[in-house]
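User: Can you take me through one part of this model in detail? I'd like a close look at the ligand site and what surrounds it.

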Amino acid sequence: MTTTTLQQPGAPAEHEEHPKHNLTGFIIFLCSESVIFLAFFSGYALLKTSALNWLPNGVEGLEWRMPLINTIVLVSSSGTIALAEHFKNRENMALFRGFWLMSMAMGAYFLYGQAVEWSGLQFGFTSGTFGGTFYLLTGFHGLHVATGILLMGLMLIKSFIPGNYKGGEQGVQATSLFWHFVDVIWIILFLLIYVWQ
Amino acid sequence: MTIATFPPEPTPEQGWGRYFGFCTDAKVIGIQYIVTAFFFFLIGGLLAMVIRGELITPASDLVDRAVYNGIYTMHGTIMLFLFIFPVLNGLNNLLIPTMIGAPDMAFPRLNAVAFWLVPIFGFLLMASFFVPGGPAYSGWWSYPPVSIQNPVGHLINGQGMWITAVALSGVSSIMGAINFVTTILRMRAPGMTLFRMPVFCWTALAAQSLQLIGLPALTGGAIMLLMDLTFGTSFYRPEGGGDPVLYQHFFWFYSHPAVYVIILPVFGIFSELFPVYSRKPLFGYVYVALASFIIVGLGLIVWVHHMFPSGVAQWMRNLFMVTTMLIAVPTGVKVFAWLGTLWGGKLRLTTPMLFCLGGLFNFVFAGITGIMLATVPVDIHVSNTYFVVGHFHYVIYGAAVMGIFAAIYHWFPKFIGRMPYEGLGKLHFLLTFIGANLNFLPMHPLGLTGMPRRVSSYDPEFTFWNVVASLGAFLLGVSIIPFLLNMLSAWIRGPKATHNPWNAIGLEWLLPSPPPEDNFGEEVPTVISRPYGYGSGQPLVEHQDEIERRLALQEAAA
Ligand code: HEM
């Protein structure tokens, strides 16, 4: 064994090539990030179950049809991004970029749908704890969707740099992991806010 | 592995400049953290002197009552977020890579960003002294409804700045934690399995896992607090249907584990130093290592013991009383392991050892009052009295800060390359140990007889113990002088340190002092045995004798 310093004990040595740790770090970050959502979710549940009148005056409940369409789009984008990754591993860059772009578009559509929904609501974020938690949860999640789209855009640009193909690998993996994360959070959020009324 | 070019050429002197800039070397960042932390320690300490000066007489005569509220709030906040956490992250930066044989942290740039956030939010917090209405005054835990009042009405107010600073501190700590955990998991030297890792790294791993699990909850809670304060939401506002106790859950879900984030690395320091200075292997290494993670598990399910008087259900009180008491078990395992290590050892009473012994003594005392506080009826009786203040200062000053001093004296020669002075060190120890006990012991009888905390005036019957406590505090204030003198003069003109002045076993002691920029570089020795092989004669790494011989040659040549 000659050079390598960054080895798991017992693993075979790789000459000169230090394995990267970005993905490990990113996964740790996602685990940590999920706790913020957990805090918001449990706060929502606690406030809702202990509230005397949960919905602000004049609000009947939330319309769930459009958010459901939004949900379907977002969940499917998890599939398209997985396909994109698959084609990248096959080194088919055209299909990778196609599906990658499609996932971005679906994410953007989700955000658009969210904005339309927000603008049609009769309550604001100061309308009691219901309004506050509703906007906090959907807003914070929306922020993550926007971040995801930005990350995807970045990876897309990186894929055009010649020779960068290998280095961007972990970035693509991390981004798609992030996207699945955003998706799972949304499903819980949807159940919590729209289904449990 | 081969050791063809070992030891690496010592890196030429690089001057002071790099300590003031954006540097990605973990050893520089470590020192940046520690020096910054002690800068804030002096400010927090000065505030403590004002507090004790006020409390030396029963009347509220030194500062205005409202100012007093701001002073203890800022004292607690500065000590925790700008002293203890940064100083521990400094030690992590110095020790983790060298102890596991890594050239640097996994993400050097992230590391530097995490550090530079500290002076930024430190500045923000200091600036809050000068805004209209003064700094935050709702105590270091910032409970609503007090913390969501904005009587001055400015958008920029002390409380808002406090919340922003704490949130930034959280971001910085999360960045640090990601880095430390990744480094420990992925960058260990060949042959260093988890159960050959020094206990300090085990405790750092445990503490940083707690940061990752707990901190986001506080961040989430703080975001909601800031919105209540600034944008008129009512998450915690009872009149708007909100629930102030919800904040307490968020706060303590993190802030209780935070005390383990503080004390676990100190356990690590004890476990490193006792074997060195008693020339015996650490007693029960595996159990000490694993106990850290049992503390993590239990530490996450005890937070409601801070809320016994907050109107939580009786079943919750019972449950959390039991989990809290269970923590005494893994902690006891560690204490017994240290005693077992000391037992029959050849004790060398150097400055670091004295600080460890003093710290252990204080810790055991704090453990006893801790068990008392875990008992619901006792806790409800002494809640919000000086008994609590006494208890946690025993842990935090008596044990944690003393352990940190021990670590600084012990590893100073390694990272600065010069020896601190023993005489000044022992004087520092003596003043600290006496001062701390004189300061914090009287708080227990005060609390038991009913003196509330967070008051600037009190009934004259409490005068005697308060005077004693204040004298102890001033002694503590003085104790910092020999420390600073020692550090400065040793740094500038202390005797040169050899690579292993304490005769310790560990990868970091197989490096020149100070270590070269990328530590072992490409030639990390292969670890072949457990740490702490004192008295066994078993080498820690392959080619140990050759490495030691070459280091000695290099030193002789210099
Ligand atoms: C120079 C040594 C110190 C002295 C004399 C001192 C003194 C005090 C006193 C008298 C109080 C109670 C104030 C009150 O309730 O009215 C207090 C509170 C506190 N101290 Fe210290 N302290 C010292 C060091 C530290 C250190 C090193 C830390 C942590 C690293 C710390 C953390 C705290 C915290 C968190 C509070 C609670 C603040 C609050 O009630 O919101 N102290 N200190």
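Analyst: Helices here are DSSP runs of H or I with at least four residues, numbered from the N terminus. Keep in mind that this is a predicted model. With that in hand, five helices of chain B, namely H1 (26-55), H2, H12, H13 (422-440) and H15 (463-493), each give at least two residues to the shell around the ligand. H2(B) has the largest share, with seven residues.

Now for the metal. B:His75 and B:His393 both coordinate the ligand's iron atom through NE2, at 2.0 Å. That pair ties together distant parts of the chain: B:His75 sits in helix H2 (residues 65-100) and B:His393 in helix H12 (residues 386-416), 318 residues apart. Both histidines are buried. As for geometry, the iron atom has six donor atoms around it, and the arrangement counts as octahedral because their angles run from 88 to 179°. For reference, the ideal angles for six octahedral donors are 90 or 180 degrees.

Stepping out from the iron, 27 residues surround the ligand, and those that come nearest are B:Tyr68, B:His75, B:Trp140, B:His393 and B:Arg454. B:Trp140 also places a backbone N or O atom 2.8 Å from a ligand oxygen. Two side chains reach ligand oxygen atoms with polar atoms as well: B:Arg453 at 3.0 Å and B:Tyr386 at 3.3 Å. Sorted by class, the shell is made up of 19 nonpolar residues, five polar ones and three charged ones.

Technical notes: Residues are numbered from 1 along each chain as its sequence is written. Chains are lettered from A and ligands numbered from 1 in the order in which they are written. This is a predicted model: local features need pLDDT of at least 70, side-chain atom pairs count only at pLDDT 80 or more; totals for chains, interfaces and linings use all residues. Side-chain values use heavy atoms; hydrogens and water are left out. Donors are N, O and S atoms within 2.8 Å of the metal (3.2 Å for Na, K and Ca); water is not among the atoms, so sites may look incomplete. Four donors count as tetrahedral if all angles lie between 85 and 135 degrees; four count as square planar and six as octahedral if opposite donors are over 155 degrees apart and all others between 65 and 115; anything else is irregular. Buried means under 20% relative accessible area, exposed over 50%, partly exposed in between (1.4 Å probe, protein chains only). A residue is near a molecule or strand if one of its heavy atoms lies within 4 Å of it. A polar contact is a pair of N or O atoms within 3.5 Å; within protein, one must be able to donate a hydrogen and the other to accept it, and residues adjacent in sequence count only if both atoms are side-chain atoms. Ala, Val, Leu, Ile, Met, Phe, Trp, Tyr, Cys and Pro count as nonpolar, Asp, Glu, Lys and Arg as charged, and the others, Gly among them, as polar.
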